[in-house]
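Visitor: Please pick a single part of this model and take me through it closely. After that, I would like a look at some other parts for context.

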Amino acid sequence: QVSELAQFLLIKDQKKLPIKRADILKHIIREYRDAYSEIVNKAGRSLQEIFGLKLVEIDSKRHIYILVNSLANSEGKCQEKEKMGLLLVILSFIFMKGNSVKDSALWEFLHLLRVYPGKEHGVFGDVHKLVTEEFVRQKYLDITPIPMTDPPESKFQWGPRAEQEISKRDVLNAVAKIQGKDPTFWASQYSEAEA
Amino acid sequence: ENREAMLSSKSNRLTEALEEANALFDGVCRAREAALDAQFLVLASNIGKEKASELHSEISAFDSTAFAEDLLTFMGINRTEETNDSEDESGESGGFLPEDAWKRMGEEALKYFKRAAGFHYLLGSWKSEPSVPKQRIERQKKATSGKEVQAMPAQLKKMEESHQEATEKEVERILRILQTHFDNDPQIPISFFDFVIDPNSFARTVENMFHVSFLIRDGLARIKLDEDGLPVIEPTKNSGAGEEDSKGGARNQVIIRLDQREWQ
C-alpha cells in the first residue's frame, strides 16, 4: 500500500492540484482504513528519502496534501516557467503591499506590465482565469470576497502552497535585486521577512 | 458610499460618522433601528480595518509603479524614442517587450520556488530522460535508489503484457494440438474430457478448459454431443463463411461442473 500511495501522490501532484484524503482512501487504502495514518506517514518518509519531496498537509481540518521539494531547485525546469514568473511577480506585489491586496489594485499593477484581465495575453492566454482560478486551485493564491462592497470586490493573499514553496525573505531579495536596492530599504517588510 | 473619502488617511470622517451614530442611538426605541445601527457598526469596522492596513503599508512605502518599471527592465524591455502606434493607456511606458520577457522572469522565479518536480514515468517518453539525470546529480545517493523505484513500474508493466501474451500462446498451442489430432483421425471428434483432463494436475485441467473456451468463443473449435451424450470437440474448418458459423456456434451453452473428486 505504501508504495502504491507514494506513486499515487507523485502522479496526482503533476498538475499541482492538492490531493484530498477522500481520494487517497477511495483509491489506495480502501479496506485498510484503520492503518491510514501509518500508511501515509510511511509513504511520506519514502518520498522524502528517495525523491527529496516533502508531503505537507495544508489543511488539517479537511485533510488536503501537497508535495513540496525539500531541496532548492538546481536547474530551471522548462515547463511552466513563465507562469512561475508571473506568480512571483504577484506574490511579491502582495507581500510588499502588506500581505493583502484588493483585486482592483492587483489588476491595476499588472496593467503596468502589459497584462490585462479582459484581453488575451500572448503568453498566458486567459490571464484572469489563470490568476483567479488556476493559481487559486493550486493553492498558490488565496482569494476572499470583501463583505459589503458594491460592486463586489475581493482580496488576494498568499495561499498555503506559496507559504510552503517560497519564503518571504526570498521574495524580498528578488524585489531588491530587481530594483537594485538593499532589502533593508523596506524596513517593515524586511523585519517581517527575517522573523 | 463615501468609502474612498473615509479611507483617506487624512480624513476624520470615520470618527465623525461614528460619533453621529452614537448620538443617534440614544433616540432608538425600535428593534429595526437597532439593527440598522449594528449594520452600520460592521461597515464602520471594515473601513477601520482597511484604514489600519493601509497605514501599515505606508510605513515602508512601496512604490508599485517603480517596481513595474524595474520589472520591465529586468524582462528586457527595449525603450526607444518613438512612441507606440497602438493606443497608449494611461501610465504605460513606451517600449517593446521581447517575446521571452516572461521566460526571463520565470527563470529568476524558479530559483526561489521549492516546487516538486512533476513526476513522469521514464518509460513514457525518451525525450524527458536527459533532464532526469541532471536533477539527480544534486541528490547523489538518493539518485540510485530513485532510479530503482522508477524501474519498478517499468518492469511491472512489461510483466503484465507478457502475461496476456502467455494466455494467447497457450490457446494457440491447444488449437494446434487439436488440429494435429484431428488430422491424424479425421471425422472422429475427440472426447472433450480426454482432451482437457490432465491426469496429473487438477489445476492444469481447469486451465485447459479455460483455453479451450477461448477457441470456442472465437469459433476455431466446436463442441457437440455424441450418441452417449458426452461432449466432443473438433476444430472448425477455415471457411469463407466463417462469420455465420461462429454466430451459430455461440448460441450453445454447456455447463460443466468438475470438482477435484470428480476429476479423480
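Guide: What follows is a close look at the sheet of chain B, and then at some helices, loops and strands of chain A. The model is predicted, and everything below should be read with that in mind.

To place the sheet, start with the chain that holds it. Chain B contains 11 helices and 3 strands. Along the sequence the order of elements is α-α-α-α-α-α-α-β-α-α-β-β-α-α. The chain has 264 residues, of which 27% count as buried. Among its contacts with a separation of 6 or more, 51% are between residues 24 or more positions apart. The exposed area of chain B is about 18,900 Å², with 52% of it supplied by carbon and sulfur atoms.

Now the sheet. It is open, built from 3 strands of chain B in the order 1-3-2, and the pairing is antiparallel. Strand 1 (190–191) and strand 2 (221–225) of chain B occupy the edges; each has a single partner strand, so one side of each is left without a neighbour in the sheet.

Take the pairings one at a time. Strand 1 of chain B is joined to strand 3 (residues 231–235) of chain B by 2 bridges, and the two run antiparallel. In this pairing B:Ile190 has B:Ile233 of strand 3 opposite it. Strand 2 of chain B is joined to strand 3 of chain B by 5 bridges, again in the antiparallel sense. Here B:Lys224 stands opposite B:Val232 of strand 3.

How many residues of strand 3 of chain B are buried? The count is 5 of the 5, so this strand is largely enclosed by the rest of the structure. Both of its faces are covered. On one side the buried residues are B:Pro231, B:Ile233 and B:Pro235, and on the other they are B:Val232 and B:Glu234. B:Ile233, which stands opposite B:Ile190, and B:Val232, which stands opposite B:Lys224, therefore belong to opposite faces of the strand.

That is the part itself; chain A supplies the context. Another antiparallel pairing is found there, between strand 5 (residues 141–146) and strand 6 (residues 153–158) of chain A, over 6 bridges. A:Ile146 stands opposite A:Glu153 of strand 6. The two strands form a hairpin with 6 residues between them, and in the turn A:Met148 has a positive phi of about 55 degrees.

Most residues other than glycine have a negative phi. Other positive values occur in chain A. A:Lys16, with phi near 65 degrees, sits in the loop between helix 1 and strand 1 of chain A. A:Lys16 has a relative accessible area of 2% and is therefore buried, the cut-off being under 20%. A:Asn99 has phi near 75 degrees and belongs to the loop between helix 4 (81–96) and strand 4 (101–102) of chain A. Its relative accessibility is 22%, so A:Asn99 counts as partly exposed. A:Arg30, which follows helix 2 of chain A, has a positive phi near 50 degrees.

Helix 2 (residues 21–29) of chain A has a buried set made up of A:Asp23, A:Ile24, A:Leu25, A:Ile28 and A:Ile29. Their cover includes helix 1 (2–12), strand 1 (19–20), helix 3 (36–51) and strand 3 (64–69) of chain A.

Helix 1 and helix 3 of chain A also pack on each other, at an angle of about 65 degrees and with axes 9 Å apart. Their crossing is right-handed. On the helix 1 side the contact is made by A:Val2, A:Leu5, A:Ala6, A:Leu9 and A:Leu10. On the helix 3 side it is made by A:Ile39, A:Val40, A:Lys42, A:Ala43, A:Ser46, A:Leu47 and A:Phe51. By type, the residues of this contact are 10 nonpolar, 1 polar and 1 charged.

A last point in chain A concerns A:Ser188, in helix 9 (residues 187–194). A:Ser188 has 17% relative accessibility and counts as buried. In sequence A:Ser188 and A:Met96 are 92 residues apart, while their C-alpha atoms are 9.3 Å apart in space.

To return to the part chosen: strand 3 of chain B lies between the two edge strands in the order 1-3-2, and 5 of its 5 residues are buried.

Conventions: Residues are numbered from 1 along each chain as its sequence is written. Chains are lettered from A and ligands numbered from 1 in the order in which they are written. This is a predicted model: local features need pLDDT of at least 70, side-chain atom pairs count only at pLDDT 80 or more; totals for chains, interfaces and linings use all residues. Side-chain values use heavy atoms; hydrogens and water are left out. Two strands pair if DSSP finds at least two bridges between them. Helices (H or I, at least four residues) and strands (E, at least two) are DSSP runs, numbered from the N terminus. Buried means under 20% relative accessible area, exposed over 50%, partly exposed in between (1.4 Å probe, protein chains only). Contact means heavy atoms within 4.5 Å. Axes are lines fitted to C-alpha atoms, for helices over the stretch in contact, and angles run from 0 to 180 degrees between N-to-C directions. A crossing is left-handed if the near helix is turned anticlockwise from the far one by less than a right angle, and right-handed if clockwise. Ala, Val, Leu, Ile, Met, Phe, Trp, Tyr, Cys and Pro count as nonpolar, Asp, Glu, Lys and Arg as charged, and the others, Gly among them, as polar. Accessible areas come from the Shrake-Rupley method with a 1.4 Å probe; for residues, only the protein chains shown count as cover.
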